[in-house]
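Please walk through the structure below, beginning with one residue and its surroundings and then moving to a set of paired strands.

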Amino acid sequence: MAIVNNRLTAEQYDQNFSDIHPPFESREAALVEANRCLFCYDAPCIKSCPTSINIPKFIKQIATDNIKGSAHTIFSANIMGGGCSKVCPVEKLCEGSCVYNLMHEKPIAIAKLQRHSTEKAISGQWRLFERKPATGKKVAVVGAGPAGLSCAHVLSREGIEVTIFEKESKGGGLMTYGIAAYKVTPQFCEDEVNYITSLGGIHIQYNKELGKNLSLPELQRDYDAVYLGIGVGVARQLDIPGETLDGVVDAIQFIYELRSKGYPAVPVGDKVAVIGLGMTAIDAATQAKRLGAKEVTIVYRRTQEEMPCTEAELEIAKLDGCKLQWLAAPKEVKGQDGKVQQLICSIMQLSAADASGRRAPVDTGQTFTLEVDMIIKAAGQVPFEALITSEQIEHRQGKIIIKDNVTNIPGVFAGGDCVNGGKEVVDAVQAGKDGAAAILEYLVSSE
Amino acid sequence: MADISANFLGIRSPNPFWLASAPPTDKKYNVLRALEAGWGGIVWKTLGSQVKNVSSRYSAVDYHGSRVMGFNNIELISDRPLELNLQEIRECVKLFPDRAMIVSLMADNDRSSWHEMIAKVEDTGAHGIELNFGCPHGMNERGMGSAVGQDPEIARMVVEWVMEKATIPVITKLTPNVHSVVPTGKAAVEAGTNALSLINTIQSVTGIDLDTLIPNPNVGGQSAFGGYCGPAVKPIALKMLTTISQDAVTSRVPVSGIGGISTWKDAVEFMLLGASNVQVCTAVMKHGFRIIEDLCEGLNNWMDEKGFATLYDFIGQSVNRITKWEALDINYHIIANIHQDKCVHCGLCYIACEDTSHQSINLEYGKPYNTYTVKTEECVGCNLCKLVCPVEDCITMDEHRKGPEYLNWTEYQRKGLPLNDH
């Protein structure tokens, strides 16, 4: 057993990381699906989209061969509508509420239709938005992830000059660095960021990190307002013995390497345990398998009833051959010569429902052992608490507290994962829009 | 099993489905394939002086992802040598003696041309003649086709010439490109035609290529008015058929129904409104001759279910159900009822009623699903919500009479009853 890279041939890597949701092959195929849409009024799908994309409208526009109008409808509500069409858990959002479900028929393939229009717009570099005349105002955005980009795009359209400061060397945030490669390719993420900034008025400065080579007071001094979309950081610690052994890795770090270094460069074990069952856990588990791990076991302390990922995501993991250990909590990591050899898990059971209706996992005292050489931690992410504290921003366990999108510091706004602790890309896009609206109001009122 | 055999002017066929005069019936090869497939009769593509056709010839209207809802052609009458057509008709009649063989004719506009043509057709052994007074493109510009059918007096004259000569039954085919088909139909009957058929195609422009700005069908950068047919024209044909069935003169002769018939249901509707048999074209141009199987089986099963032993037990049964508006019962009142167990909350009934009808549906907000209910006191019973609802039987129109007795508009006015106050 060993953690090694380069386990597969180039063809195998290509196959394993190819697009899991292929697009429509032709205009006709998209038309057939678009024409299925009933064009509901006050549609449930719109209400189930955090960015409230006018879905029936953009689908109708595909049906009338108005693809440009369709892309405009999508991007007006969600400038990352292209990426969201690939990564959104649509089965619990728009597609989950499609009225066809109530007829026991397949819901409209909303994500696939959205991809049909947005990919054409991005690859064709369609110019769908014009900037209003310059206002002379300048806003600094920290973080070029979904929240920051979304905020910047709205502000720039309103004639504001926006500078985004990004600690990585590429934009897109978790879209670029934190999501399974078979959902979005690195190239797509880059194209999407370039498409957003092609509007003009948005300048990204890379390798600028708050608290290191970037200071909040200076940003406040140099800009009319500041928006923080800094996301969340590393995976939550397990706080169990042996966690520091060689072979225990952070899911975010693991996916980051996979996205930034290329698949053959990323080492993976023979037998891998993944802790947690959120979207990131699924992305880590499936990709470990696709990198060539022989056995991947997902360890989750509750049951399928309580799991945070969707059924569709769980299905991907199962089809990839990942095993599941329900009602198991990591207790101790054992190793030899500083390297992981075993994961000892406590067997849990669910207590009676508490006041909130949630059933807590309780240790039964019994344990079992998994023979593993790699453990990927994906039990949630931890906010940048130290950074936020040092910048004197009020927070609750590291999550920035905002009131009407503004922090305790006047002129400093925040949104996305750094506020909510980590939700979907589409939630961050909406947070960016909300932040931009609040900033616009602030800039007008402070004139 | 019901008996679906037909007898039209003594011309017998095993079923009431004839192929209309059109490209599918323009030569022996197609016709034999059709007869082998089971078609009851053939109306051979119009014979006349030989013409030359252009390319392209057809165009269509697609709707909501469905192909050929309406079909359009600028093809003229048969462009094959007359003698070859006559020879092939003769051969087909011999090979399938139990099927109807009608020959469509459009002679030059003089008595001797018609007489000459009729003699040649009768010599083939064909069972009947159909006069093409309907072709709306090309031929009409030469004083033939719909140019004849649009003027009752010219039609009367030509039918008279024909009846002087013909010894086999004559069917006069009417053009719909008129305000009413009745005047020409009357003239033809008075001139002695044995039967009528309708409708021929409707003049149309089906669409324009938005890249080239050239209307279709495109013939080297130009187009011409074509004849429209297919499912889109069926309601128009049914209306025209009804006027023929209700007129005292035209109802004296049998009618062959034509116009967008694609299924056995369409055929039954034509027959209920007075057609003794039907003719089909566009549906076979889309799907081939094989559709005859379901036409026959569907008709047969429906007749069995309804207890009709022969076609003549139901032909014309709905003619008297279409009346003048003034005779309708104002006391008949229906109110929409949305069955919540079937509702999928699409809101289509609501927006249709709210924007374009009588604001009779209530929206109770829900996330993600709204609840829609009918304001019964506001509902005028127009059917719109039921028509747009995507779920079968989710909205029913329930009867709530305004009064027990029949009351028409004339009576209503006479009694001085109140008009709407909103």
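In this predicted model, Ile376(A) touches Val249(A), Ala251(A), Phe254(A), Val272(A), Val274(A), Ile275(A), Ala284(A) and Ala288(A), leaving aside residues up to four places away in sequence. Ile376(A) belongs to the largest nonpolar core, a set of 153 residues. Together with Val274(A), Ile376(A) has the most contacts inside that core. The element that gives the most to this core is helix H18 of chain A, residues 425–445, with eight residues. Another core, of 91 residues, lies apart from this one; Ala20(B), Ala126(B), Val162(B) and Phe270(B) are among its members.

The rest of this account concerns chain B and its strand E9, which spans residues 170–173. In a regular strand, side chains alternate between the two faces of the sheet. In E9(B), Val170(B) and Thr172(B) lie on one side, while Ile171(B) and Lys173(B) lie on the other. All four are buried, so both faces of the strand are covered.

What does E9(B) pair with? Strand E8 of chain B, residues 128–132, runs parallel to E9(B) and is joined to it by four bridges. Strand E10 of chain B, residues 195–198, also pairs with E9(B) in the parallel sense, over three bridges. Ile171(B) takes part in both pairings: Glu130(B) stands opposite Ile171(B), and in E10(B) the bridge partner of Ile171(B) is Ala195(B). Between E9(B) and E10(B) the chain passes through helix H6 of chain B, residues 182–190. This β-α-β crossover is right-handed.

Terms used: Residues are numbered from 1 along each chain as its sequence is written. Chains are lettered from A and ligands numbered from 1 in the order in which they are written. This is a predicted model: local features need pLDDT of at least 70, side-chain atom pairs count only at pLDDT 80 or more; totals for chains, interfaces and linings use all residues. A nonpolar core is a set of buried Ala, Val, Leu, Ile, Met, Phe, Trp, Tyr and Cys residues joined through C-beta atoms within 7 Å. A residue is buried if 20 or more other C-beta atoms lie within 10 Å of its own, exposed if 12 or fewer, and partly exposed in between; C-beta atoms are placed from the backbone. Helices (H or I, at least four residues) and strands (E, at least two) are DSSP runs, numbered from the N terminus. Two residues are in contact if their C-beta atoms, placed from the backbone, lie within 7 Å. Two strands pair if DSSP finds at least two bridges between them. A crossover is right-handed if, with the strands pointing away from the viewer, the path from the first strand over the helix to the second runs clockwise.
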